[in-house]
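Hi,

Here is the structure I promised to pass on. Have a look at it first, and then read on for what turned up.

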Amino acid sequence: MSDVKLELDSFLPYRLNVLANVVSQALSGIYAERYGLGIPEWRVIATLGQFGSVTAKDIGAHSHMHKTKVSRAVASLMRRRLVQRRINRQDLREAFLSLTREGHIVYSDLVPIARRFAADLSDGFSPQERDQLDLLLTRLTERSRGLLAGADLSQPVAD
């Protein structure tokens, strides 16, 4: 056995995961209480609200959710009449999803709440710190996508 240890509290992937979970849970408390939505349902509504009519595959790709999670969330939202499905006549294997009138009402109600939450989250940061955080998150995301695609770990990160 090696004496080499991984200190999770200083391990960047662990810290990012904890941060993402804490932020997601805090925000989900708001829309769960108000509309009984879980995190996957909220992500589907937010994606449809942003992009309009898209496929479940598109939602999964954009939100980084597994297709079964997307499928369950869509089924739940359709039962609640917040999402509707329209068959793609060009490819009958897929359907376009969009918000119903009721879904748009929920989305419109939650957007200012989500924006306020995001503003509260970065409260106390200077404009320069917000810009720097945005830049760093963008670079981490790009680097992570490269690593996911099998990029060479020995190569330096490009600016």
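Let's start with a spot where two helices touch: Pro40, Glu41, Val44 and Ile45 in α2 meet Lys69, Ala73, Val74, Ser76 and Leu77 in α4. Sorted by class, the residues in this contact of α2 with α4 come out as six nonpolar, one polar and two charged. Before going further, please keep in mind that this is a predicted model.

How do the two helices sit against each other? Two packed helices are described by the angle between their axes and the distance between the axes. For α2 (residues 39-51) and α4 (residues 67-79), the angle is about 80 degrees, and the axes are 9 Å apart. Angles of 65 to 115 degrees count as roughly perpendicular, so α2 and α4 are roughly perpendicular to each other.

Helix α2 also packs with α5, at an angle of about 100 degrees and with the axes 10 Å apart. That makes α2 roughly perpendicular to α5 as well. Here Trp42, Ile45, Ala46, Gly49 and Gln50 from α2 meet Val106, Tyr107, Leu110 and Ala114 from α5. This contact of α2 with α5 has seven nonpolar residues, two polar ones and no charged ones. If you are clicking through the model, try Ile45: this residue of α2 shows up in the contact with α4 and in the contact with α5.

Next, the largest pocket. About 2,000 Å³ of space lies in it, and 40 residues line it. Which residues lie nearest its centre? They are Leu19, Ala20, Val23, Leu121 and Leu137. Several helices help to build the lining of the largest pocket: α1 (12-35), α2, α3 (56-63), α5 (101-121) and α6 (127-148) each supply at least two residues. The helix that gives the most is α6, with 12 residues. By class, the lining of the largest pocket has 23 nonpolar, 10 polar and seven charged residues.

One last residue to look up is Ser24, which lies in helix α1. Is Ser24 buried or exposed? Its relative accessibility is 16%, and buried means under 20%, so Ser24 counts as buried. Leaving out residues up to four places away in sequence, Ser24 touches Tyr31, Ile39 and Arg43.

Have fun exploring, and write back if anything is unclear.

Cheers

Notes
Residues are numbered from 1 along each chain as its sequence is written. This is a predicted model: local features need pLDDT of at least 70, side-chain atom pairs count only at pLDDT 80 or more; totals for chains, interfaces and linings use all residues. Side-chain values use heavy atoms; hydrogens and water are left out. Axes are lines fitted to C-alpha atoms, for helices over the stretch in contact, and angles run from 0 to 180 degrees between N-to-C directions. Helices (H or I, at least four residues) and strands (E, at least two) are DSSP runs, numbered from the N terminus. Angles under 35 degrees count as roughly parallel, over 145 as roughly antiparallel, 65 to 115 as roughly perpendicular and the rest as oblique. Contact means heavy atoms within 4.5 Å. Ala, Val, Leu, Ile, Met, Phe, Trp, Tyr, Cys and Pro count as nonpolar, Asp, Glu, Lys and Arg as charged, and the others, Gly among them, as polar. On a 1 Å grid over the protein atoms alone, a cavity is a set of points where a 1.4 Å probe fits but cannot get out, and a pocket is an open set with protein on both sides within 12 Å along at least five of seven lines; lining residues have an atom within 4 Å of a point. Grid points are joined across faces, edges and corners, and a volume is the space filled by probe spheres set on the points. Buried means under 20% relative accessible area, exposed over 50%, partly exposed in between (1.4 Å probe, protein chains only).
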